[in-house]
Amino acid sequence: MTTRHAITAGFVPLLDSALLVVACEMGFAEEQAIDLTLLRERSWASIRDRLAVRHIDVAHILGPMPIACNLGLNVPAPEMIVPMALGLGGNAVTVSSALWQAMAENGATADLDARANGVALRKVIETRAGAPLRFAVVHPYSGHNYELRYWLAASGIDPVRHIEIVVLPPPDMGDALAEGVIDGYCAGEPWNTFGVLRRGGYLATVKAAIWRSSPEKVLGVNAQWGRAHPEAMAALLVALHQASLWCARPDNHEALAALLSKQAYVGRDAELLLPALAGNLPVGGGVVHAVRDFFVPNAKAATFPWKSHALWFYTQMVRWKQIEHTVERQRIAAETYRPDIYRAALKDLGLAMPSASAKVEGALLTETPVGSSGALTLGPDGFFDGGRFDPDDLDAYIASQSSR
Amino acid sequence: MQQSRLNVLVIDENRIRVAIIEEGLRDAGYDQVTVIDNMHGLARRIADLNPDVIVIDLENPNRDMLESMFQLSRAVRRPIAMFVDQSDEASIEAAVEAGVSAYIVDGLKQERVRPILKMAISRFNAFARLNRELEETRGELEGRKIIDRAKGLIMRSRGLSEDEAYALLRKTAMNQNRKIIDIAQGLVTAASLLDPGGKE
């Protein structure tokens with residue numbers, strides 16, 4: 001007789017909650033004898049609080065947030081581990097119609113090119129009078145905040161002095177944009193597609209263009225729970241892996257969009273969810289642009305919790321003065337992500353798995369087969385400015401970014 | 001009284017609940033209480049109010065925005081921290097359980113603000129209880145209306161008095177081991193099927 005596992009998982013209504021929703025709804029959790037209960041939350045603060053008091057055992061969570069919890073930046077801070085990622089990419093930068101017109105006059109094009117459109121934004125800012133442009137992100141400890149700042153900084157815009165960055169709930173961003181409260185935002189889906197199709201916004205660029213195949217949401221696990229329930233955690237990882245395979249199949253995209261559109265999950269029209277799944281994004285003015293690797297749920301080791309991802313997030317916390325760098329904090333950040341648990345949980349599935357736990361980010365210019373336990377290709381994973389992050393040379397990376 | 005000098009802000013989109021909290025705080029001697037039930041321009045209003053303590057419902061989607069504001073010294077004049085100190089797990093749990101969260105400016109003594117959290121937790125719990133009772137009462141009222149309509153149908157078709165009609169409903173329910181409301185509902189439904197144009 002198999003032991004059954006009861007697991008309660010928190011999620012925020014976003015496209016990349018897909019793996020958890022599919023694990024629950026398409027029978028993958030049941031196959032692993034898991035009674036999976038999903039709890040929908042309206043803020044990341046609420047996810048953190050419920051993890052802290054053990055209302056939930058695990059959660060769909062922003063990649064940097066478990067690190068921030070372990071560093072004591074985000075209280076009440078439950079001790080967290082990240083044994084799995086929930087896909088790569090999925091975000092975009094949406095701007096108001098007025099800002100887009102100004103950017104277009106300065107050479108921005110609808111192809112979402114991070115370099116050209118970043119330069120166009122810089123030119124707009126240079127010639128602009130009055131209050132600085134205001135952009136919204138979803139959370140201070142988010143991939144959104146860091147990739148927006150990375151894009152701006154590498155385009156010659158100082159995200160601290162030349163622009164104002166605020167935090168807003170994603171469902172309010174489209175309205176704030178239309179009302180002129182903000183000029184742009186970096187969010188996950190469906191909120192960019194919503195902003196473009198329903199609030200007259202324009203896509204300036206996408207996460208996949210700023211940093212291809214980059215980390216986003218992860219499975220955050222209350223470390224106490226994980227230690228007490230290693231078998232349940234391993235079973236959940238298997239269920240989520242099966243769910244990631246299901247989500248990756250193009251012939252499931254319509255069913256997935258319909259499933260996520262239910263009120264219990266994202267609760268928005270399927271037509272707002274399909275573009276991101278198919279990688280055909282409405283960019284504004286009726287134009288649709290195909291984006292390779294916009295959201296990657298399974299391929300390219302998309303669920304592997306790379307320590308180099310954790311460490312890149314950490315370097316950005318240092319860069320934007322959320323924390324001061326010490327060797328001890330670097331260790332805490334790296335140890336939050338647990339590829340060892342991932343490997344152990346999925347080893348019997350005969351998967352192609354990376355043999356390393358960290359990689360040089362931004363080193364792969366093309367899709368590259370890698371030495372591992374099976375056929376696996378990674379990349380391309382380039383930063384748009386040609387930047388490289390070598391986790392073994394973290395101090396140099398931090399130094400190079402602080403001198404800019 | 002010392003506590004009356006604390007500037008307390010309560011943020012909650014639920015107008016009834018926010019009023020209950022405000023009343024509780026005023027009764028306890030906090031006379032500088034501001035409530036916000038409309039989230040428009042929230043960040044600016046908080047910066048203007050410069051509160052010592054902020055009480056907010058846990059489900060409020062603006063909490064991430066609030067917490068980010070507190071991190072930026074230029075967004076609020078004084079640094080603000082999460083209410084309960086982390087060692088006080090029981091209080092954190094009680095607050096999350098009740099659905100409330102709170103923040104205070106750094107440096108305020110826990111003892112000075114703990115009564116505010118206690119008050120908020122108990123009022124949030126009382127509100128939830130009230131809501132459950134309201135739901136039940138609403139259900140009961142709805143049931144009474146259906147029974148009245150069923151009695152009316154019986155009185156008209158069988159020429160019985162109101163008491164006799166009710167006795168018949170009760171007897172039928174007992175004989176069939178069902179609730180009176182179920183028998184009444186069945187009768188009302190059947191009557192509307194037989195006479196769709198009729199008033200009852």
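**Exercise 1.** In which helix of chain A does A:Glu271 lie?

*Solution.* The model is predicted.
Step 1. Locate the residue: A:Glu271 belongs to helix H14, residues 270-278 of chain A.
Step 2. Classify its surroundings. A residue is exposed with 12 or fewer other C-beta atoms within 10 Å and buried with 20 or more. A:Glu271 has 13 C-beta neighbours inside 10 Å, so this residue counts as partly exposed.
Step 3. Take a distance. From the C-alpha atom of A:Glu271 to that of A:Asn91 the separation is 17 Å, with the two positions 180 residues apart along the chain.

**Exercise 2.** State the strand order of the five-stranded open sheet in chain A, and find its edge strands.

*Solution.* Step 1. The order is S8-S7-S9-S6-S10, and the pairing is mixed.
Step 2. The edges are held by strand S8 (163-167) and strand S10 (202-206) of chain A; each has a single partner strand, so one side of each is left without a neighbour in the sheet.
Step 3. On average, neighbouring strands of this sheet are turned by 25° against each other, direction ignored.
Step 4. Inspect one pair. Strand S7 (residues 133-137) and strand S9 (residues 184-187) of chain A are parallel and share two bridges. A:Ala136 has A:Tyr185 in S9(A) as its bridge partner.

**Exercise 3.** Describe the hairpin of S12(A) and S13(A).

*Solution.* Step 1. Strand S12 (residues 280-284) and strand S13 (residues 287-290) of chain A run antiparallel and are joined by four bridges.
Step 2. Within this pair, A:Gly284 is opposite A:Val287 of S13(A).
Step 3. Two residues lie between the strands, and A:Gly285 takes a positive phi near 60° in this hairpin.
Step 4. Burial: four of the five residues of strand S12 of chain A are buried, so this strand is largely enclosed by the rest of the structure.

**Exercise 4.** Locate the backbone at A:Pro190, A:Pro380, A:Lys300 and A:Ala301, and give the torsion values.

*Solution.* Step 1. Recall the usual case: most residues other than glycine have a negative phi, and most peptide bonds are trans.
Step 2. A:Glu189 and A:Pro190 are joined by a cis peptide bond with omega of about 15°. A:Pro190 sits in the loop between S9 and helix H9 (191-199) of chain A.
Step 3. The bond from A:Gly379 to A:Pro380 is also cis, its omega being near 0°. A:Pro380 is in the loop between strand S16 (377-378) and helix H18 (394-402) of chain A.
Step 4. A:Lys300, not a glycine, has a positive phi of about 55°. A:Ala301, likewise not a glycine, has a positive phi of about 50°.
Step 5. The loop between strand S14 (295-296) and H15 of chain A contains A:Lys300, and A:Ala301 lies in the loop between S14 and H15 as well.
Step 6. Apply the cut-off of 20. A:Lys300 has 23 other C-beta atoms within 10 Å and is therefore buried; A:Ala301 has 24 and is therefore buried.

**Exercise 5.** Which domains make up chain A, and how many residues of each take part in their contact?

*Solution.* Step 1. Domain 1 covers 5-89 + 215-267 + 296-344, and domain 2 covers 92-210.
Step 2. Their centres, taken over C-alpha atoms, are separated by 26 Å.
Step 3. Domain 1 of chain A puts 20 residues into the contact and domain 2 of chain A puts in 13.
Step 4. On the domain 1 side, the elements giving two or more residues are helix H4 (65-70) and helix H15 (307-319) of chain A.
Step 5. By class, that side holds 12 nonpolar, six polar and two charged residues.

**Exercise 6.** Describe the contact of chain A with chain B, then the nonpolar cores.

*Solution.* Step 1. Contacts link 19 residues of chain A with 16 residues of chain B.
Step 2. Helix H3 (residues 44-52) of chain A gives the most to the chain A side, with six residues.
Step 3. That side divides into 12 nonpolar, four polar and three charged residues.
Step 4. The largest nonpolar core has 176 residues; among those with the most contacts inside it are A:Ala23, A:Leu236, B:Val8 and B:Val55.
Step 5. Helix H12 (residues 230-248) of chain A gives the most to this core, with 11 residues.
Step 6. Leaving aside residues up to four places away in sequence, A:Ala23 touches A:Phe28, A:Ala29, A:Leu36, A:Ala239, A:Leu240 and A:Ala243.
Step 7. Another core lies apart from the largest one and has seven residues, including B:Ile147 and B:Ala184.

Technical notes
Residues numbered from 1 in each chain as written. Chains lettered and ligands numbered in written order. Predicted model: local features only at pLDDT ≥ 70, side-chain atom pairs only at ≥ 80, totals over all residues. Pairing = 2+ DSSP bridges. Axes fitted to C-alpha atoms, helices over the stretch in contact; angles between N-to-C directions. Core = buried A, V, L, I, M, F, W, Y, C linked by C-beta atoms within 7 Å. Contact = placed C-beta atoms within 7 Å. Domains from an automatic or database assignment. Nonpolar A, V, L, I, M, F, W, Y, C, P; charged D, E, K, R; others polar.
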